[in-house]
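Visitor: I'd like a close look at one part of this model. Please take one aromatic residue and work outward from there.

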Amino acid sequence: MALLKVKFNQKKRVKLAQGLWLMNWFSVFAGILVFSMGLFLKIELRKRSEVMDNSESHFVPNSLILMGILSCAFNGFAGKICYDSLDPAKFAKWKPLLKPYLALCFFFNILIFFVALICFLMRGSLESTLAQGLKNGMKFYRDTDTPGRCFMKKTIDMLQIEFKCCGNNGFKDWFEIQWISNRYLDFSSKEVKDRIKSNVDGRYLVDGVPFSCCNPSSPRPCIQYQVTNNSAHYSYDYQTEELNLWRRGCREALLHYYSSMMSSMGAVVLLVWLFEMAVMVGLRLLHTSLESIANPEDPECESEGWILENSLKDTLKSMLESLKKIGKFNQVEADAEGAEGEEGGKTPAITTVS
């Protein structure tokens with residue numbers, strides 16, 4: 001028994017073809033939207049590529065761009081088929097291509113669904129990329145004279161100001177690295193010498209943070225240096241005081257920004273996938289309803305359309321049998337080639353008569 005069998009007359013077939021033509025052009029615009037989202041995400045990731053450890057995070061935007069292009073191509077082609085299906089003479093040239101095209105549509109829809117899932121599942125990979133990238137970026141903050149790294153100070157400062165964050169996980173991350181360049185240290189100063197000697201790696205570590213960590217909304221002047229030294233500031237206790245520094249780490253801020261963006265895009269791609277599935281089902285009904293016309297010379301006669309010619313169970317069974325036959329055929333061919341090789345390897349014995 002056919003799956004989702006529907007009876008059609010000429011009027012219904014025309015309405016279906018016209019509706020599908022319109023839906024395909026809506027899908028083209030949806031493809032442009034998906035392409036634009038991928039492009040926007042790629043630009044946003046590239047803006048902050050200096051604080052990302054690798055290029056794995058670009059898999060999502062690249063996939064969205066590819067899906068957008070394919071969606072425009074597939075649906076533009078389907079729109080042409082639906083338009084020509086109103087004319088039997090024009091539709092005749094598309095008949096041999098419809099089955100392969102529907103098979104391609106099926107795999108294309110699987111890919112769209114996969115890309116939508118990836119948009120929701122990339123958070124873990126993105127988190128590790130940002131954590132390592134920010135850690136490296138903070139190490140190079142002081143290298144304002146080193147070619148290739150001289151821009152890192154500006155990048156980190158602009159990032160902390162824009163996203164209202166400080167450090168990787170928090171402001172205390174700055175206490176563990178030397179973020180002040182040796183160029184601006186007075187090595188004749190006893191304080192500088194003592195700080196460098198007290199550190200195993202010979203780094204100048206301070207309990208201070210860059211100016212970009214300061215929260216301008218705070219009524220108190222920014223306590224940027226000696227953050228943990230209560231006696232250095234009047235009426236101050238760093239453990240109980242609401243510090244005038246950004247509390248949130250930049251990893252969390254960036255992760256929230258990109259995750260929410262990709263989740264929204266994933267929801268849009270899921271809607272596009274549902275729409276594409278509806279278009280594919282409609283196109284299959286149109287294809288089968290046109291093929292099952294009993295008398296092609298009488299376009300007004302009734303016909304039947306369906307999704308699958310047999311039930312889902314029977315279709316899966318026949319597919320498995322076909323795969324088994326292909327497997328057996330390949331095995332027989334391999335055995336035959338092996339037998340030929342063995343025969344070729346045997347050399348006939350030559351008897352010499354003296």
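Visitor: Which does phenylalanine 163 count as, buried or exposed, and why?

Guide: Phenylalanine 163 counts as buried because its relative accessibility is 10%. Buried means under 20% relative accessible area, exposed over 50%, and partly exposed in between, using a 1.4 Å probe and protein chains only. This is a predicted model: local features need pLDDT of at least 70 and side-chain atom pairs 80 or more, while totals for chains, interfaces and linings use all residues. Residues are numbered from 1 along each chain as its sequence is written, and side-chain values use heavy atoms, leaving out hydrogens and water.

Now the rings. The structure holds 12 aromatic pairs. Rings of Phe, Tyr and Trp (its six-membered ring) pair if their centres lie within 6.5 Å; planes under 30 degrees apart are stacked, over 60 edge-to-face, the rest tilted. One pair is phenylalanine 74 with phenylalanine 108, stacked at 5.0 Å centre to centre and 25° between the planes. Phenylalanine 74 lies in helix H2 (59–84) and phenylalanine 108 in helix H4 (95–121), so this pair ties together parts 34 residues apart in sequence. Helices are DSSP runs of H or I with at least four residues, numbered from the N terminus. Both of these phenylalanines are buried.

Phenylalanine 163 pairs with tyrosine 257: the centres are 5.3 Å apart and the planes at 75°, so this pair is edge-to-face. It links helix H6 to helix H8, with the two residues 94 apart in the chain. Tyrosine 257 is partly exposed, at 27% relative accessible area.

Next along the chain is lysine 164. It lies in the loop between helix H6 (152–163) and helix H7 (190–197). The phi of lysine 164 is near 55°, positive in a residue other than glycine. Most residues other than glycine have a negative phi.

Now the wider packing. The largest nonpolar core has 81 residues, and Leu64 and Leu254 are among those with the most contacts inside it. Such a core is a set of buried Ala, Val, Leu, Ile, Met, Phe, Trp, Tyr and Cys residues joined through side-chain atoms within 4.5 Å. H6 is one of the helices that each supply at least two residues of this core. H8 gives the most, with 16 residues.

Leucine 64 shows the contacts in detail. Leaving aside residues up to four places away in sequence, leucine 64 touches Val34, Phe35, Gly38, Leu41, Val115, Cys119, Met265 and Val269. Contact here means heavy atoms within 4.5 Å.
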